[in-house]
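Reader: I'd like to learn how to read a protein model feature by feature. Could you walk me through one?

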Amino acid sequence: MNFGSPTIVFLIFLKDLLTGSTQFTPSPCTFEGDFSLMKCPLLIQENPNDSKNSQNVLTWFRQHETKGWTRVGPEINSRLLAIENRLEFWPVETSDSGKYCCVLGNSTYNTTSTSLHFIVKKRNADECLNPLCALKTPADGGTAETVLCGIAHTLTNITNMVWFKGCNFFTQSGSHLRFRELSDTDSGNYTCVVTLTRGGKSYNYTKTTQLIVKGAELLSKLFLP
């Protein structure tokens, strides 16, 4: 099993949520105490039928300080769950930071994913939706744009979803925000806060998108009468 593959950042290995748009990309890091998950990139490549082979087994590994890899086994009623093609954290802790990989195969062959960087940050009590974990999304003024929360299509045990712009409540419109024509005032940090339940307890998932509108002021001047 080869663990020497190039490293990719956290925002890439969940690219199955992208659906062809950068707005779907998850935050490059997550906060301690939140729910979080990662998905195996081997199951989102061009030949998904391989993952449906009943003989194939998906196994997760984590690299420790000694640089050795140990298996992350499926656990029931635990904080860390290995379910199908994903690894879930209920909730995530700073000690979960590190490198992970998934291996898909059977007794004949196996394929190892690239190493996945998982970054967990502490959330200070006086912070207001800290943009340190924000995904920067540049967009052109005057164009349409959609900002998605990303997790709504992955889990079904969602009980609430709200949006903030900066520190202020913005809307409760669901899993996406749509801008028909971007202007300068649309720039800012948009955070979706999703509440999920498991085992009678509630957990939050947060994702912040830093929307950077470019050229909106210049565009409006060009079309002034």
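Author: Let's go through the overall make-up, the disulfides, the aromatic pairs and then the strands.

Author: Some ground rules come before that. Residues are numbered from 1 along each chain as its sequence is written. This is a predicted model, where local features need pLDDT of at least 70 and side-chain atom pairs count only at pLDDT 80 or more, while totals for chains, interfaces and linings use all residues; side-chain values use heavy atoms, with hydrogens and water left out.

Reader: Fair enough. How many helices and strands are there in the protein?

Author: Helices (H or I, at least four residues) and strands (E, at least two) are DSSP runs, numbered from the N terminus. Here you get two helices and 18 strands.

Reader: And what share of the residues counts as buried?

Author: Buried means under 20% relative accessible area, exposed means over 50%, and partly exposed is in between, using a 1.4 Å probe and protein chains only. By that rule, 42% of the 225 residues are buried. As for the outside, the protein exposes about 12200 Å², an area from the Shrake-Rupley method with a 1.4 Å probe, where for residues only the protein chains shown count as cover. Carbon and sulfur atoms supply 51% of that exposed area.

Reader: How many disulfides does a search of the whole structure find?

Author: A disulfide is a pair of cysteine sulfur atoms within 2.5 Å. The search turns up two. Take Cys40 and Cys102, whose sulfur atoms sit 2.1 Å apart. The torsion about their S-S bond is about 80°, so this disulfide is right-handed. Cys40 is in the loop between β3 (36-39) and β4 (57-63), and Cys102 is in strand β8 (residues 98-105), so the pair ties together parts that are 62 residues apart in sequence. Both Cys40 and Cys102 are buried.

Reader: Which residue does a disulfide join to Cys149?

Author: That's Cys192, with an S to S distance of 2.0 Å. Why is it right-handed? The torsion about the S-S bond of Cys149 and Cys192 is about 75°, so it gets that label. This pair links distant parts of the chain: Cys149 is in the loop between β13 (145-148) and β14 (158-165), while Cys192 is in strand β17 (residues 188-198), 43 residues apart. Cys149 has 0% relative accessibility and counts as buried, and Cys192 is buried at 0% as well.

Reader: What about Cys101, and how far away is the nearest cysteine sulfur?

Author: Cys101 is in no disulfide; the nearest cysteine sulfur belongs to Cys102, 6.7 Å away. Cys101 is buried, with a relative accessible area of 1%.

Reader: On to the rings. How many aromatic pairs does the structure hold?

Author: Rings of Phe, Tyr and Trp (its six-membered ring) pair if their centres lie within 6.5 Å; planes under 30 degrees apart count as stacked, over 60 as edge-to-face and the rest as tilted. The structure holds eight such pairs. One of them is Trp90 with Tyr203, edge-to-face at 5.3 Å centre to centre, with 80° between the planes. Trp90 lies in the loop between β7 (86-89) and β8, and Tyr203 in strand β18 (residues 201-214), so the pair ties together parts 113 residues apart in sequence. Trp90 and Tyr203 are both buried. Add Phe35, and Phe35, Trp90 and Tyr203 form one aromatic cluster.

Reader: Are the residues of the pair Phe170 and Tyr190 buried or partly exposed?

Author: One of each: Phe170 is partly exposed at 37% relative accessibility, whereas Tyr190 is buried at 1%. The ring centres of Phe170 and Tyr190 are 5.4 Å apart and their planes at 80°, so the pair is edge-to-face.

Reader: Last topic: how many bridges join β17 to β18?

Author: Two strands pair if DSSP finds at least two bridges between them. β17 and β18 run antiparallel and are joined by 11 bridges. Thr197 stands opposite Ser202 in β18. These two strands form a hairpin with two residues between them, and Gly199 in the turn has a positive phi of about 60°. β17 also pairs with β14, antiparallel over seven bridges, and there Asn160 has Thr195 in β17 as its bridge partner.

Reader: What is the strand order in the open sheet of three strands?

Author: The order is β3-β7-β6, with antiparallel pairing. β3 and β6 (80-83) stand at the edges with a single partner strand each, so one side of each is left without a neighbour in the sheet. Four bridges join β3 to β7, and Met38 has Leu87 in β7 as its bridge partner.
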